[in-house]
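Hi,

Here is the structure I promised to pass on. Have a look at it first, and then read my notes below.

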Amino acid sequence: MATGNWTRTELLVAFALYHRLPCSRFREADPDIVRYAQAIGRSRASLKMKLWNIASLDSTMSPGRRSLNRASSADRSMWDEMQSDWEKFAIASEEAVIAISTRAQLIPSAPDEEQSDREGEDRPVEAQARVGQQFFRNSVMSAYNEQCCITGLSLPALLVASHIVPWRVDEQNRLNPKNGLLLSTLHDKAFDAGLLTLDDELVVRVSRKHRPDNDEFFASAIGHYDGQPILRPEKFEPDKQFLRYHREHIFKG
């Protein structure tokens, strides 16, 4: 087993795993921690500790989750690198995972089914887009423990990693998980259409101007959640400036 300072590749793999796993899976017996600890030549305890050290750098995480606070200068540097260019980091971390997986004869996670082929795109650009979209989905899925933050629905096929500020509007934050919410397909559409939003306290606000009359389904499926707090994420809590943009430019009041 390796000891001493972590290499850049090892750190990239750890950060990639941090984005993929809910905090509840930061355990030595977790299958992915077992597999990737072996792949990078670190002990399971060391990899688990590294994930919690990374978690300590997320200022929005609850103090209990950040209690270890033993992040190294290299951890902090990579955290800053990640936040300065999400797309570049997503590609670098995925390449590290592929390299390690190939060397250790592991099979990397398959692309998510929701990422469809795009005709007319250059192959390298398309490949990078897929990596970025998968990175964003993994990050948001893990942050919300794979549950819709409004309803608690936990069926992955019906969950969408929804952008708060739309993809087309803010290129720099397309892959920033703090610009994401995990929503059911219905609530994702309602959010994008401005029929509901979140306030700064992460409480659901449903549009009153565009609420249909005598629609029992809307009342039970969407209107019912007006005034209710969402299930708070374990990490990557939504940035208030992104929520403010949604309320001011998308929500229909």
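**The strand pair E1 and E2**

Let me start with one bridge: Val 160 has Leu 183 in E2 as its bridge partner. Before I go on, please keep in mind that this is a predicted model.

Leu 159 also has a partner across the way, standing opposite Ser 184 in E2. Taken as a whole, strand E1 (residues 159-163) and E2 run antiparallel to each other and pair over five bridges.

Which residues of E1 are on which side, and are they buried or exposed? Leu 159, Ala 161 and His 163 are on one side, Val 160 and Ser 162 are on the other, and all are buried. That makes five buried residues out of five for E1, so to speak a mostly covered strand by definition of the term.

E2 (residues 180-184) is mostly covered as well, with five of its five residues buried. Gly 180, Leu 182 and Ser 184 point one way from this strand, while Leu 181 and Leu 183 point the other way. If you like the textbook version, side chains in a regular strand alternate between the two faces of the sheet.

**The loop between them**

Lys 178 is worth a click: this lysine is found in the loop between E1 and E2. Is Lys 178 buried or exposed? Its relative accessibility is 12%, and the cut-off for buried is under 20%, so Lys 178 counts as buried.

What does Lys 178 touch, leaving out residues up to four places away in sequence? The list is Asp 58, Thr 60, Gln 83, Ile 164, Phe 236, Glu 237, Pro 238, Asp 239 and Phe 242. For the last of these, Phe 242, the C-alpha atom is 8.2 Å from that of Lys 178, although the two residues are 64 apart along the chain.

**The aromatic rings**

Over the whole structure, a search turns up nine aromatic pairs. One of them is Trp 86 with Phe 135: the ring centres are 6.4 Å apart and the planes are at 50 degrees, so this pair is tilted. Trp 86 belongs to helix H5 (residues 86-103) and Phe 135 to helix H6 (residues 123-143), so the pair ties together parts that are 49 residues apart in sequence. Trp 86 is buried at a relative accessible area of 3%, and Phe 135 counts as buried too, at 7% relative accessibility.

Phe 135 has another ring partner in Phe 89, in an edge-to-face pair with 6.4 Å from centre to centre and 70 degrees between the planes. Phe 89 lies in H5 and Phe 135 in H6, so here the parts tied together are 46 residues apart in sequence. Both Phe 89 and Phe 135 are buried.

Zooming out, ring pairs link Phe 15, Tyr 18, Phe 26, Trp 52, Trp 79, Trp 86, Phe 89, Phe 135 and Phe 236 into a cluster. Tyr 18 also has a charge over its ring: the charged end of Lys 235 sits there, 4.3 Å from the ring centre.

**Helix H1**

How do H1 and H5 pack? Helix H1 (residues 8-20) meets H5 at an angle of about 105 degrees, and the axes are 8 Å apart. That makes H1 roughly perpendicular to H5. On the H1 side, the residues involved are Thr 9, Leu 12, Val 13, Phe 15, Ala 16, His 19 and Arg 20. On the H5 side they meet Trp 86, Phe 89, Ala 92, Ser 93, Glu 94, Ala 96, Val 97 and Ile 100.

Leu 17 lies in H1 too, and this leucine is buried, with a relative accessible area of 3%. Not counting residues up to four places away in sequence, Leu 17 touches Asp 32, Ile 33, Tyr 36, Leu 47 and Leu 51. Leu 17 and Tyr 36 are 19 residues apart in sequence, with 8.5 Å between their C-alpha atoms.

**The whole chain**

Finally, the overall picture: the chain has nine helices and four strands, in the order α-α-α-α-α-α-β-β-α-β-β-α-α. Of the 253 residues, 48% are buried. Among contacts between residues at least 6 apart in sequence, 67% join residues at least 24 apart.

Cheers

How values were computed
Residues are numbered from 1 along each chain as its sequence is written. This is a predicted model: local features need pLDDT of at least 70, side-chain atom pairs count only at pLDDT 80 or more; totals for chains, interfaces and linings use all residues. Side-chain values use heavy atoms; hydrogens and water are left out. Buried means under 20% relative accessible area, exposed over 50%, partly exposed in between (1.4 Å probe, protein chains only). Helices (H or I, at least four residues) and strands (E, at least two) are DSSP runs, numbered from the N terminus. Two strands pair if DSSP finds at least two bridges between them. Rings of Phe, Tyr and Trp (its six-membered ring) pair if their centres lie within 6.5 Å; planes under 30 degrees apart count as stacked, over 60 as edge-to-face and the rest as tilted. A charge sits over a ring if NZ of Lys or CZ of Arg is within 6 Å of the ring centre and within 35 degrees of the ring normal. Axes are lines fitted to C-alpha atoms, for helices over the stretch in contact, and angles run from 0 to 180 degrees between N-to-C directions. Angles under 35 degrees count as roughly parallel, over 145 as roughly antiparallel, 65 to 115 as roughly perpendicular and the rest as oblique. Contact means heavy atoms within 4.5 Å.
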